[in-house]
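User: Hi! I'd like to talk through this structure with you, starting with one aromatic residue and working outwards. Ready when you are.

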Amino acid sequence: MDHGQLRFECSAIDTQGCFRREHTGYGQDISPAFTIENLSPEAKTLAITLEDLSHPIKGFTHWVIWNLPATPQIPEGISAGAFAAALQPARQGLAYGWHRYAGPKPPKGSNHRYRFTVYALDDELDLPANVFKKRFLKKAAGHILQMGEAVGEYPGC
């Protein structure tokens, strides 16, 4: 069944496609808020990944979180830890070796492109928190109803 394109706005990326400093490793490094549109009524959970498209390691992961409630609003400032306390049953996988959002922090003098991907899933994923994006994607593969992407640059504009 075609559920249509998942659309979302992310508070980390401004209208010029640049990351706001507070959502980077050079700022407060807080996870952004998301406003989800066209969410399938069959969606049970959401998941989000953030990857550095310019990093020498292809798809270098800055964040992976899954089992977020399938709601049109995801708040900013999700706390660090394997279990996102305020958003149970959400779990954060490993990025940079930590269970947390790790915003853009390219080497001084370089500009990198970053991609958020939001997934609408038909079920909760039974995964331990000590997994990386690759294992999350493998487990999610048969459960993805919709996806949407947003790309931003840092320092960029």
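User: Is Tyr 26 buried, exposed or partly exposed?

Analyst: Happy to help. Keep in mind that this is a predicted model. Tyr 26 has a relative accessible area of 22%, so it counts as partly exposed, because buried would need under 20%.

User: And how does Tyr 154 come out?

Analyst: Tyr 154 has 7% relative accessibility, so it is classed as buried.

User: How many aromatic pairs are there, and how are the rings of Tyr 26 and Tyr 154 arranged?

Analyst: The count is 10 aromatic pairs. For Tyr 26 and Tyr 154, the ring centres are 6.2 Å apart and the planes are at 20 degrees, so this pair is stacked. Tyr 26 sits in the loop between β1 and β2, while Tyr 154 belongs to strand β8, so the pair ties together parts 128 residues apart in sequence.

User: What lies over the face of Tyr 26?

Analyst: That would be Lys 105, at 5.6 Å from the ring centre.

User: Nice. What about Trp 63 and Tyr 101, how do those rings meet?

Analyst: They form an edge-to-face pair, with 5.2 Å from centre to centre and 90 degrees between the planes. Trp 63 is in strand β4 and Tyr 101 is in the loop between β6 and β7, so to speak a link between distant parts of the chain, 38 residues apart. Both Trp 63 and Tyr 101 are buried.

User: Which residues do ring pairs link into a cluster?

Analyst: The cluster takes in Phe 8, Phe 19, Phe 34, Trp 63, Tyr 101, Tyr 114 and Phe 116.

User: Let's move to the nonpolar core. Which residues have the most contacts inside the largest one?

Analyst: Phe 19, Phe 34, Trp 63, Leu 68 and Phe 116 do, in a core of 27 residues. The elements giving two or more residues to this core are β1, β2, β3, β4, β7 and β8. Of these, β7 gives the most, with 4 residues.

User: Which residues are in the second core?

Analyst: It is a separate core of 10 residues, including Leu 125, Leu 127, Phe 136 and Ala 140.

User: I'd like to look at helix α1 next. Which of its residues are buried?

Analyst: In α1, which spans residues 133-140, the buried ones are Lys 133, Phe 136 and Ala 140. Looking down the axis of α1, these buried residues fall within an arc of 60 degrees, so they line one face of the helix. An α-helix has 3.6 residues a turn, so residues three or four places apart point the same way. Lys 134 and Lys 138 are exposed on the other side of α1.

User: What covers the buried residues of α1?

Analyst: The cover includes strands β3, β4, β7 and β8.

User: Switching to strands: what is the order in the open sheet of 3 strands?

Analyst: The order is β1-β2-β5, with antiparallel pairing. β1 and β5 stand at the edges with a single partner strand each, so one side of each has no neighbour in the sheet.

User: How many bridges join β1 to β2, and β2 to β5?

Analyst: There are 4 bridges between β1 and β2, and 2 bridges between β2 and β5. Across the first pairing, Arg 7 stands opposite Glu 37 in β2. In the other, Thr 35 stands opposite Gln 73 in β5.

User: Which residues of β1 are on its covered face?

Analyst: Phe 8 and Cys 10 are on the covered face, and Arg 7 and Glu 9 are on the uncovered one. In a regular strand the side chains alternate between the two faces of the sheet.

Methods: Residues are numbered from 1 along each chain as its sequence is written. This is a predicted model: local features need pLDDT of at least 70, side-chain atom pairs count only at pLDDT 80 or more; totals for chains, interfaces and linings use all residues. Side-chain values use heavy atoms; hydrogens and water are left out. Buried means under 20% relative accessible area, exposed over 50%, partly exposed in between (1.4 Å probe, protein chains only). The arc is that of the directions from the helix axis to the C-beta atoms. Contact means heavy atoms within 4.5 Å. Two strands pair if DSSP finds at least two bridges between them. A nonpolar core is a set of buried Ala, Val, Leu, Ile, Met, Phe, Trp, Tyr and Cys residues joined through side-chain atoms within 4.5 Å. Rings of Phe, Tyr and Trp (its six-membered ring) pair if their centres lie within 6.5 Å; planes under 30 degrees apart count as stacked, over 60 as edge-to-face and the rest as tilted. A charge sits over a ring if NZ of Lys or CZ of Arg is within 6 Å of the ring centre and within 35 degrees of the ring normal.
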